[in-house]
Amino acid sequence: KMTQQMRDLQLAQARKPPGPSSPNAAKRLYRNLSGKFRVNYTSFDEGSLVGRGEKEKLRKSYLFQSNAALFEAVELQDLDRVQELLKHYSPEELDLNTPNSEGLLPLDIAIMTNNAPIARALLQAGAKESPHFVSLESRSLHLSTLVREAEQRVNELMAQVVNEAPNADCSEKEKQLKAWEWRFRLYKRMKAGFEHARVPDAPSSVHLSVASSSSLQVTFWEPLSVNSAVVTKYKVEWSCSPTFSPLLGEAVIDKLKELHFTIQGLVSGTAYHVRVSAYNMKGWGPPQASTPPFAIPSNWREYDGRAPRRRGQAEALDHLLGQVKTVHQHCICHEPCKNQPQSRKHSVSKSLKHLFHPGSKFLKTLKRGLYLTAIFYKDDNILVTHEDQIPVVEIDDTYSCLLMQDFLWFTKVSCMWDEILWLRQCVTVSQSSCSCILQTRFKMLLAISQMQGLLGIQDLGQVFFEPIKDKQGNILIVTLKEVKTNQTFESVRWVPICKLQTSRKSVSSPEEPTALDMLLISVQEKLAYHQRSSHALSPGLYLGYLKLCSAVDQIRVLVPERLPNILCHVKIRSNPNISREEWEWLQKMASVEEPVPTESEADSSQSPLFQELQVAIKELMTLVNIPLQEAKDFRLYSQEVLDFGDQVSFLLLLPPSDDVCTAPGQNNPYTPRSGFLTLPLQIFELGKDR
């Protein structure tokens with residue numbers, strides 16, 4: 001018989017049917033589920049089901065089995081099975097935080113049997129302890145009740161087995177007896193685990209850093225001791241007093257995927273002390289003070305009151321563009337625009353049918369001139385015309401030498417795909433000057449409009465950083481766009497890239513391939529570049545390496561091939577903020593004759609940043625293949641921290657002033673050998689802002 005407390009618990013919630021009550025039963029259940037772990041419940045043969053009601057009934061039955069399997073896996077201490085269930089089912093599907101008929105949760109069983117690996121896996125999945133254990137006494141009473149009732153049930157079944165003659169009923173009673181004996185041992189082990197447990201030690205380490213002018217970031221690590229029960233939550237406390245009296249605030253952390261917390265809403269310039277304590281089923285352990293013992297919310301801009309570089313720039317540019325449009329909106333050349341929208345509202349599936357229209361103006365071959373091609377790809381497939389050709393349109397058949405300034409102008413236009421019609425009308429007005437440059441750029445706009453019209457798509461994607469040129473005088477500007485939608489397009493031909501490469505019949509010799517052949521040969525490299533250039537950095541503070549090289553008509557910047565939209569870099573730390581105190585220290589370092597700090601300064605007040613920079617500089621020099629002894633002539637850029645949003649910031653490491661930008665023909669000792677490329681500076685700036 002249950003205690004009154006457990007009777008109330010059972011009345012307050014729907015009673016769950018008990019799961020398998022023995023190891024053998026659990027194994028049978030696992031065998032039933034093992035073939036289905038790698039698929040969803042919809043992988044059942046739905047052809048045998050009649051109506052949604054039966055499907056939903058089967059789904060609920062299957063999910064109940066997974067819930068029972070989770071309890072059995074925890075009870076049997078089967079870590080692999082627990083991880084498999086957590087991987088294939090959501091916490092809601094597993095009823096992860098709903099007690100079973102004994103008033104227990106999977107996490108309760110794991111921590112009371114002191115199975116730390118399973119407990120950590122459950123905690124990372126969002127598991128909680130039972131809310132009914134409001135005190136140590138209630139948990140102890142509940143465990144004693146479970147042990148007593150299991151023992152009573154074992155004695156009753158044992159008496160029945162001894163007194164009854166051998167028959168089918170007796171065999172069933174023996175099975176029940178074995179199952180209850182196993183459960184009796186489990187409950188005794190849980191009770192012993194609870195009784196022998198003690199409160200946790202303090203966290204092994206607590207690190208405090210300045211996250212912004214109004215917040216601090218607290219990072220902590222688990223207690224070192226493995227003899228106490230599993231820690232299930234942490235408490236962060238903060239105060240302006242080292243005695244923590246009065247206490248300004250506290251936060252309980254029960255989501256333990258990452259052991260850190262950001263204290264928000266603090267006062268800039270005020271010192272705050274922080275400490276962290278751990279909790280297990282026996283209660284809260286002693287607190288651990290942070291290192292350093294206090295921190296002051298601040299930001300490097302407070303050093304001289306500097307405003308963010310880009311504050312208001314986007315709004316100012318939008319306002320300027322609006323003014324330009326207002327000036328041109330009454331031009332005669334814009335009258336045809338009033339009756340047609342700037343952005344065509346064709347659906348992609350409908351508009352892409354132009355690709356297969358016999359009258360489309362896509363080109364099959366190039367005849368000495370300037371051309372535009374648009375590459376749309378999805379996974380390993382590429383979009384082609386009805387003749388299995390990559391879409392190509394002509395820009396100018398008399399243009400055999402693309403000037404870099406024209407190409408860079410085209411890349412800027414790619415930021416305004418939706419404004420092409422308006423830009424075209426504006427350039428038309430200016431054509432009276434008969435400027436060759438304006439005529440070329442007008443033809444570029446016409447080609448863009450033609451490509452957009454034939455494809456029915458406004459956004460042609462990102463321009464590849466250099467055009468393709470062949471020895472026949474053809475120049476091919478390439479745009480790249482990834483199609484991520486799962487929509488199935490009608491009458492659209494997606495061709496595997498490998499098939500397109502093998503099936504195309506080249507009309508050129510291997511020694512002098514045409515621009516189209518060169519495109520097909522290198523298309524996978526270009527797609528890889530496009531994908532890598534859209535990757536974002538994880539939050540943090542980075543050390544970047546600035547290296548430029550100049551040519552006759554452009555300046556190029558060194559970037560890594562794996563992330564071409566960012567300077568060569570290494571990560572200094574996960575906290576992107578530079579505090580005022582750290583910036584003051586950097587300013588002092590910039591004023592001394594030796595730009596790179598010496599070992600004797602490691603014990604300075606800013607030693608954490610000093611040590612982080614030392615590690616980062618060594619790693620960066622190794623990355624760019626520069627001997628470390630040459631770093632003594634390098635400098636940290638001390639005018640500002642480069643902020644890219646709120647989550648990413650950069651400090652720059654510069655070569656000696658005479659070697660930041662290498663002139664044509666000049667020997668360059670600070671350029672790495674492989675794994676890097678140089679982009680035109682304007683292309684890099686556009687890619688960085690995307």
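Helices and strands are here taken as DSSP runs, a helix having at least four residues and a strand at least two, and they are numbered from the N terminus. The model described with these names is a predicted one.

Within this predicted model, 5 cavities of 30 Å³ or more are found, and the largest cavity has a volume of about 90 Å³. Its lining is made up of 13 residues, of which Gln 462, Val 463, Ile 683, Leu 686 and Gly 687 are the closest to the centre of the cavity. Two elements, β12 (462-463) and α19 (681-689), each supply at least two residues of this lining, and the largest share, 3 residues, comes from α19. When the lining of the largest cavity is sorted by class, 6 residues are nonpolar, 6 are polar and 1 is charged. At the level of domains, at least three lining residues are drawn from domain 3 (369-534), and at least three also from domain 4 (540-590 + 607-687).

Two helices show how buried and exposed residues can be arranged around an axis. Helix α17, which runs over residues 580-591 and has 12 residues, reaches 17 Å from its first C-alpha to its last, close to the 16 Å expected at 1.5 Å a residue. The residues of α17 that are buried are Glu 582, Trp 583, Trp 585, Leu 586 and Met 589. Because these residues cover an arc of only 160 degrees around the axis, they lie on the same side of α17, whereas Lys 588 and Ser 591, on the other side of α17, are exposed.

Helix α4 (residues 79-88) can be described in a similar manner, with Arg 81, Val 82, Leu 85 and Leu 86 as buried residues. These four cover an arc of only 135 degrees around the axis, and therefore sit on the same side of α4, while on the other side of α4 the residues Asp 80 and Lys 87 are exposed. As a general background to such patterns, an α-helix has 3.6 residues a turn, so residues three or four places apart point the same way.

A further position, outside the helices just described, is that of Val 267, which lies in the loop between β5 (260-263) and β6 (272-280). The relative accessible area of Val 267 is 47%, and this residue is therefore partly exposed, since the exposed class begins over 50% and the buried class lies under 20%. Although Val 267 and Ser 214 are 53 residues apart along the chain, their C-alpha atoms are separated by 5.6 Å.

Technical notes:
Residues are numbered from 1 along each chain as its sequence is written. This is a predicted model: local features need pLDDT of at least 70, side-chain atom pairs count only at pLDDT 80 or more; totals for chains, interfaces and linings use all residues. Side-chain values use heavy atoms; hydrogens and water are left out. On a 1 Å grid over the protein atoms alone, a cavity is a set of points where a 1.4 Å probe fits but cannot get out, and a pocket is an open set with protein on both sides within 12 Å along at least five of seven lines; lining residues have an atom within 4 Å of a point. Grid points are joined across faces, edges and corners, and a volume is the space filled by probe spheres set on the points. Ala, Val, Leu, Ile, Met, Phe, Trp, Tyr, Cys and Pro count as nonpolar, Asp, Glu, Lys and Arg as charged, and the others, Gly among them, as polar. Domain bounds come from an automatic or database domain assignment. The expected span of a helix is 1.5 Å times one less than its number of residues. Buried means under 20% relative accessible area, exposed over 50%, partly exposed in between (1.4 Å probe, protein chains only). The arc is that of the directions from the helix axis to the C-beta atoms.
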